[in-house]
Amino acid sequence: MGKGRIKTIRKSSSKLRFLDIVADGFKIQVMSSFGRSGVERADFDNAYARLKKGDIISITGLPGRTKAGEISIYATELPKPLSPCLHVPPPELEDVEKRFQSRHVDLMVNPLPVHVLKARSFIINWMRNYFLQKEFVEVSTPILAELSGGAAAKPFETASKVFGSDKKMQLRIAPELWLKRLVIGGLHRVFEIGPNFRNENADATHNPEFYSCEFYEAFTDIEGLKKTTTDMLVSLFHDFEKARPHQFPNIEAFSSRERTIEVRGPFHEIDFIGGIEEAIGRKLPVLDAPDAAQQLLEMIDEDEIGRPVNCTLPGILDYLASEYLEPECIQPTFLTDIPACLSPLSKTSRRESDGQLVSHRAELYVGGKELVNLYEEENSPFQQRKKFLEQNRFRTVAAFEAGEELPIEILEEAEQVLPEMPVDESYIGALEWGLPPTGGWGIGLDRLVMLLCNVERIGDVMAFGGLRGTVLAGRGLNKHTGEEDKAREDSE
């Protein structure tokens, strides 16, 4: 017995009907003949006259192949209606807004989204099993707290009846600070897979709600983290491609894609500072010098590439990386020795080769987009407070430089600077109890699924297409007239 939704109904002759039914992302043909049905001719005709495209039915029969070689079910009984569809499914649905606003119709009409969501489940469960096999402990940390903490982003704010409307609460932007508290407490290998929330704009690769996987491991360093990242992704890509033809065949094979990305170790590495210096053909100033930002702006003016909106030191360096480094990272590439001012939660040291103050941090880029962030955690409460204050100081500098022509609110709206954030004294207090040398790692799961499934929009790998799809859900495709309802009732 098979159960599914009718995709097409075809009348081959007065005594022969063909149905295509779909279930769980796969389609199978049903061939039903009057001769095998065992019923009167009128009952045979009436049974199929009542069926409509989109109805859910069960069918009993025997498997076989048609003369054309297609696997089919040869029905031995009349189909049994299980649930009617009160709308006429469109033959195709390509408009992005309508697809995400009526995701159930999108999944019904288009086969690829079903396979992408199945692939997403495969990837998340693969990663969970990977960490569990390495004896990591999976945990769930708070989503709602007084401070969001753990990353550079604008949080969503709300209130709780527990504390009253005067006390603002925030949705987390990352689980990092909570996970490191657990490492302090003695859980030396922890990971979490779950949602994060950032009150920022949405585009093809960003959504205000997104999923990540983060792990923290005591007594590992940046080299150990790079090895783990390489081994994990090479294994994942191999297992995904092995499973793809059977579990989600509508996803294009790696070998047939227009832009081939080869995930094999060792990954390429680019020194952040050295890479920019090579691209522009000159040495960068010592980046923690008081006039470093001004010197960088003068170099930008000489190269005539246009100044960034945010002319603080972190803003300039981010801008230079996006101009010169990220486009070079099509194949898996680590950007290493990232300047200290871009990494307030990472340990730092001064390089002997050029005197630059750099973080013990790397970012993995694939296809020109950041995929993984990994670094040795800052475990000194004194240095951590200093780095939090330094992070806030850059916002103050941006506000001063913006002046009346470009007020700080405009920079915040353009996501060029962060809103003012208080120092998380609770986390610093936890560090005072002693965080062992620890390596931290985070990956954007939505982007990982996009990469493996070869899709361009983050909404395509989310069950309901991102924030716009959920807020506008059901608009446009659920409208039907009374005449349509009456026609359906009459046919039944």
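**Entry 1: D337.** I looked up the exposure of D337 in this predicted model. D337 has a relative accessibility of 26% and therefore counts as partly exposed, since the partly exposed class lies between under 20% for buried and over 50% for exposed. I then placed D337 in the chain and found this residue in the loop that runs between β15 (333–336) and β16 (348–350). Its backbone deserved a note: phi of D337 is near 50°, a positive value in a residue other than glycine.

**Entry 2: F219.** I checked F219 for the sign of phi and read a value near 65°, which is positive although the residue is not glycine. F219 sits in the loop between β13 (209–218) and α7. Is F219 buried or exposed? I recorded F219 as exposed, because its relative accessibility is 58% and the exposed class begins over 50%.

**Entry 3: G265 to P266.** I turned to the peptide bond from G265 to P266 and noted that the bond is cis, with omega near -5°. P266 belongs to the loop between α7 (222–247) and β14 (268–271).

**Entry 4: Cysteines.** How many disulfides does the structure hold? I recorded 0 disulfides. For C213, I looked up the closest cysteine sulfur, which is that of C453; the separation is 17 Å and therefore too far for a bond, given that a disulfide requires two cysteine sulfur atoms within 2.5 Å. C341 is likewise in no disulfide, and the nearest cysteine sulfur, in C311, is 14 Å away. I also compared surroundings: C213 is buried, at a relative accessible area of 0%, whereas C341 counts as partly exposed, at 23% relative accessibility.

**Entry 5: Cavity.** I searched for enclosed space and counted 1 cavity of 30 Å³ or more. I noted a volume of about 50 Å³ for the largest cavity. Which residues line the largest cavity? I listed I280, L284, L296, M299, I300, D303, I305, L320 and Y324. By class, this lining has 8 nonpolar residues, no polar residues and 1 charged residue. D303, which is in the lining, belongs to the charged class, as Asp counts as charged.

**Entry 6: Helices at the cavity.** I asked where the lining of the largest cavity comes from. α9 (292–303) and α10 (313–325) each supply at least two of its residues. The largest share, 4 residues, comes from α9.

Methods: Residues numbered from 1 in each chain as written. Predicted model: local features only at pLDDT ≥ 70, side-chain atom pairs only at ≥ 80, totals over all residues. Heavy atoms only, no water. Buried < 20%, exposed > 50% of the residue type's maximum accessible area, 1.4 Å probe, protein only. 1 Å grid on protein atoms, 1.4 Å probe; cavity = no way out; pocket = protein on both sides within 12 Å on 5 of 7 lines; lining within 4 Å. Points joined across faces, edges and corners; volume = space filled by probe spheres on them.
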